[in-house]
Amino acid sequence: MLRAVGLSVMLTVLGWIGPAHAGLVMGAASLTDALQSAGEAFEKETGSTLTFSFAGSAVIARQVAQGAPAGVVALADAAWMDYLVRQSAVEEGTVVLLASNELVLVTPAGDAAPLALTPEAIAARLGAGRFAIAEPETIPAGRYGKQALETLGLWSKVSARLAPMEHVRVALASIARGEVPLGLVYATDAQVEPRVAVVARIPATAHKPIEIPMALTPQADETARAFYAYLQTPAGQAVLARYGFKVSGL
């Protein structure tokens, strides 16, 4: 049976040791629903058992580099995967592009009027509120978002009003609860949260491509390797596409 555990709990319980746990899948928070759904399909097909742990890409990458017992690593940012390659924390030659993503501006669902990507419209929608975004210096969604807003000439309207979050799912939850009037998340996050409404889509030309790389670690066991392969099959890619990710061939 598929299991999901919190990162801090997982590291405490497993003690960062034990090849028996090399079937652990560690993924970016934005991949939670898609990877768990793919995991359920994989387990039904193979009878294997997977364990998942999700957090921000920066957190995942640092923990894997420090010896967290992952078998498969999937991140929301190529830069953090490059970091793991430099640290020899992933198996050589196994880094693949799993999927890609887009950015959107969202509001609580009760305020779903379309929003023009102009400084005046952004300022009016924010009012006295704050702008939710993943931490823009280290977290992929925040970095992509900052780049896009700078390109569009909107950063100056939100930079002094930021509510930076530890990862994009925390930002999403803050918007869904109505704690902030506006925020930036991945399109796939907005798709799985009915309490938010997409009010604007960020042009892909405004930021670097949002690539989602995946790799095996040297300690990956047979289950991890099989799931890694499954995610690249038409069946696995179809699950990702169902959750709004852009995948090849679909």
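A residue is called buried here when its relative accessible area is under 20%. The structure itself is a predicted model, and the burial of individual residues will come up in each part of it.

A good place to begin is the open sheet, which has five strands in the order β8-β7-β9-β6-β10, with mixed pairing. The strands at the edges are β8 (162–165) and β10 (196–201); each has a single partner strand, so one side of each is left without a neighbour in the sheet. From one strand to the next the twist averages 35°. Inside the sheet, β7 (residues 131–134) and β9 (residues 182–186) run parallel and are joined by two bridges. One residue of β7 can be followed across: Ala132 has Gly183 of β9 as its bridge partner.

Helix α8 (residues 168–176) lies across β6 (103–108), β7, β8, β9 and β10, and runs at about 140° to β9. Seven of the nine residues of α8 are buried, so the helix is largely enclosed by the rest of the structure. These buried residues are Val168, Arg169, Ala171, Leu172, Ser174, Ile175 and Ala176. After α8 comes Gly178, which has a positive phi near 80°. A similar topic arises at helix α3 (residues 57–65), where the buried residues are Ser57, Ala58, Ile60, Ala61, Gln63 and Val64. Just after α3, Gly67 has a positive phi of about 110°.

The list for α8 includes a charged side chain, Arg169. What does Arg169 form a salt bridge with? The partner is Asp189, and the closest N and O atoms of the two are 2.5 Å apart. Arg169 belongs to helix α8 and Asp189 to helix α9 (residues 187–191), so the pair ties together parts that are 20 residues apart in sequence. Both Arg169 and Asp189 are buried. The pair also belongs to a network of salt bridges that links Asp33, Arg169 and Asp189.

In general, side chains of opposite charge can pair when their charged atoms come close. The structure has eight salt bridges by the rule used. Among them is the one between Glu179 and Arg177, with the closest N and O atoms 2.7 Å apart. Arg177 has 49% relative accessibility and therefore counts as partly exposed. Another joins the side chains of Glu193 and Arg195 at 3.0 Å, N to O. In that pair, Glu193 is buried at 13% relative accessibility, whereas Arg195 is partly exposed, with a relative accessible area of 43%.

The next topic is the nonpolar interior. The largest nonpolar core has 87 residues, and those with the most contacts inside it are Leu84, Leu105, Phe131 and Phe227. Leu105 brings the reader back to the sheet, since its place is in strand β6. Leu105 is buried, with a relative accessible area of 0%. Leaving aside residues up to four places away in sequence, the residues that Leu105 touches include Leu115, Ile122, Phe131, Leu182, Gly183, Leu184 and Val199. Leu105 and Val199 are 94 residues apart in sequence, but their C-alpha atoms are 5.8 Å apart in space.

Phe227 gives a second view of the core. With residues up to four places away in sequence not counted, Phe227 touches Val25, Leu35, Ala38, Gly39, Phe42, Leu50 and Phe52. One of these contacts, Phe42, leads to the aromatic pairs, of which there are six by the rule used. The ring centres of Phe42 and Phe227 are 5.3 Å apart and the planes are at 65°, so this pair is edge-to-face. It links distant parts of the chain, with Phe42 in helix α2 (residues 32–46) and Phe227 in helix α10 (residues 222–230), 185 residues apart. Phe42 is buried, with a relative accessible area of 2%, and Phe227 is buried too, at 0%.

A second edge-to-face pair is formed by Trp80 and Tyr83, with 5.4 Å from centre to centre and 85° between the planes. Trp80 and Tyr83 are three residues apart in helix α4 (residues 78–86), and are therefore separated by about one helical turn. An α-helix has 3.6 residues a turn, so residues three or four places apart point the same way. Trp80 counts as buried at 13% relative accessibility, while Tyr83, at 22%, counts as partly exposed. Phe42 and Phe227, for their part, belong to one aromatic cluster together with Phe52, Phe54 and Tyr230.

Notes. Residues are numbered from 1 along each chain as its sequence is written. This is a predicted model: local features need pLDDT of at least 70, side-chain atom pairs count only at pLDDT 80 or more; totals for chains, interfaces and linings use all residues. Side-chain values use heavy atoms; hydrogens and water are left out. Buried means under 20% relative accessible area, exposed over 50%, partly exposed in between (1.4 Å probe, protein chains only). Helices (H or I, at least four residues) and strands (E, at least two) are DSSP runs, numbered from the N terminus. Two strands pair if DSSP finds at least two bridges between them. Axes are lines fitted to C-alpha atoms, for helices over the stretch in contact, and angles run from 0 to 180 degrees between N-to-C directions. Contact means heavy atoms within 4.5 Å. A salt bridge is a side-chain nitrogen of Lys or Arg within 4 Å of a carboxyl oxygen of Asp or Glu. A nonpolar core is a set of buried Ala, Val, Leu, Ile, Met, Phe, Trp, Tyr and Cys residues joined through side-chain atoms within 4.5 Å. Rings of Phe, Tyr and Trp (its six-membered ring) pair if their centres lie within 6.5 Å; planes under 30 degrees apart count as stacked, over 60 as edge-to-face and the rest as tilted.
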